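Work through the exercises below with the sequence and the structure in view. Try each task before reading its solution.

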Amino acid sequence: MRTRPPVSTLIARGEKKEKAVLSDRLLAISELISPCDTLADIGCDHGWIPIYLAGQQQIRRAIACDLRPGPLSRAKENCSQYGLQEQIETRLGDGLSPLTPGEADTILIAGMGGPLLIRILEEHPDVVINFAAESHVDRSIEDPGVFLQTNIMGTAVLLDACIKYGIQRYHQVS
C-alpha cells in the first residue's frame, strides 16, 4: 500500500483554507494531470480534483461539468468553501457539450464505463488517458474473466475508437 504524500494547504486569494484530502484514487489521477491553463473535468462529481489542482497551483482555472444537477451543486458548494468559485466554473451538461472547441487545454474523464467513454470520444478530444485497472487485484484472481474484459478488451475497444476518430495521443495507466 503506497503512502499518501502530505496534502498541501489550499490557498485562495491569499487566505489559508482547510486542507482538501483526496482518496488515493483521486490523488493518483490528479498526479497525472500536467500543469495547464484550463482543465475541464467531465463528470466532476463533487469537484475534488479541480479544487485540489487549483490549490496546488497546477491549473489556472477549471470547468467542472456533470450531467446531474445534484453532484454539480455539491461541486459548486465545495468550490465556494475553498474560495475557488472565481477560478472553477461549474456547468451542467452531457459529455463535452458544455465546452466550446479549444476552451480547455486539458480534459479529464475518469470513473466512467467503456460505452460512455466511447460516446464521448466521438466528440473528438485530442488525447485519451485510460485508467484501465480493476480497483482490487484479488478480483482478478477470483474471476480472471472480469480482469480480461476490463483491462484487455476495454483497452482494445478504446484503442480502436482512437484510431477510428483520429485521436493521436493515448496514455495507458493500469
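**Exercise 1. Decide whether R91 is buried or exposed, and find out which side chains it pairs with.**

Solution. Begin with accessibility: R91 has a relative accessible area of 16%, and because buried means under 20%, R91 counts as buried in this predicted model. Next, look for acidic partners. The side chain of E103 meets that of R91 in a salt bridge, at 2.6 Å from N to O. E103 lies in the loop between β5 and β6 (106–109), while R91 belongs to strand β5, so this pair ties together parts that are 12 residues apart in sequence. A salt bridge also joins the side chains of E89 and R91, with an N to O distance of 2.8 Å, and E89 is partly exposed at 34% relative accessibility. Finally, put the pairs together: R61, E89, R91 and E103 are linked in a network of salt bridges. The principle behind such pairs is that side chains of opposite charge can pair when their charged atoms come close.

**Exercise 2. Examine the salt bridge between R68 and D66, and state how accessible each partner is.**

Solution. The structure holds 6 salt bridges, and one of them joins the side chains of R68 and D66, at 3.7 Å from N to O. Taking the partners in turn, R68 is partly exposed, with a relative accessibility of 47%, whereas D66 is buried, with a relative accessibility of 5%.

**Exercise 3. Determine how many disulfides there are, and check the surroundings of C79.**

Solution. A disulfide requires two cysteine sulfur atoms within 2.5 Å, and by this rule the count comes to 0 disulfides. For C79, the nearest cysteine sulfur is that of C44, which is 7.8 Å away, and C79 is in no disulfide. As for accessibility, C79 is buried, with a relative accessible area of 2%, and C162 is also buried, at 5% relative accessibility.

**Exercise 4. Establish which residues of helix α2 are buried, and contrast this helix with the surface around F147.**

Solution. Helix α2 covers residues 48–55, and 7 of its 8 residues are buried, so the helix is largely enclosed by the rest of the structure. The buried residues are I49, P50, I51, Y52, L53, A54 and G55. Just after α2 comes Q57, which takes a positive phi of about 60°.

Now turn to F147, which is found in helix α6 (residues 144–164) and is partly exposed, with a relative accessible area of 31%. Together with L148, I152 and M153, F147 forms a nonpolar patch on the surface, whose residues have about 360 Å² of accessible area together.

**Exercise 5. Find which elements have the lowest and the highest mean pLDDT, and say how the start of the chain should be read.**

Solution. Start with the whole: the protein chain averages a pLDDT of 79, and 79% of the residues score at least 70. Among its elements, strand β1 (residues 11–12) has the lowest mean pLDDT, 42, and strand β5 (residues 88–92) has the highest, 97. Over residues 1–14 the pLDDT stays under 50, although the model has 38 contacts for this stretch beyond four places in sequence. Where pLDDT is low, the predicted coordinates should not be read in detail.

Key:
Residues are numbered from 1 along each chain as its sequence is written. This is a predicted model: local features need pLDDT of at least 70, side-chain atom pairs count only at pLDDT 80 or more; totals for chains, interfaces and linings use all residues. Side-chain values use heavy atoms; hydrogens and water are left out. Buried means under 20% relative accessible area, exposed over 50%, partly exposed in between (1.4 Å probe, protein chains only). Helices (H or I, at least four residues) and strands (E, at least two) are DSSP runs, numbered from the N terminus. Patches are made of residues with over 30% relative accessible area and no salt bridge: like charges are joined within 9 Å, nonpolar side chains (Val, Leu, Ile, Met, Phe, Trp, Tyr) within 5 Å. Accessible areas come from the Shrake-Rupley method with a 1.4 Å probe; for residues, only the protein chains shown count as cover. A salt bridge is a side-chain nitrogen of Lys or Arg within 4 Å of a carboxyl oxygen of Asp or Glu. pLDDT is the predictor's confidence in each residue, from 0 to 100. Contact means heavy atoms within 4.5 Å.
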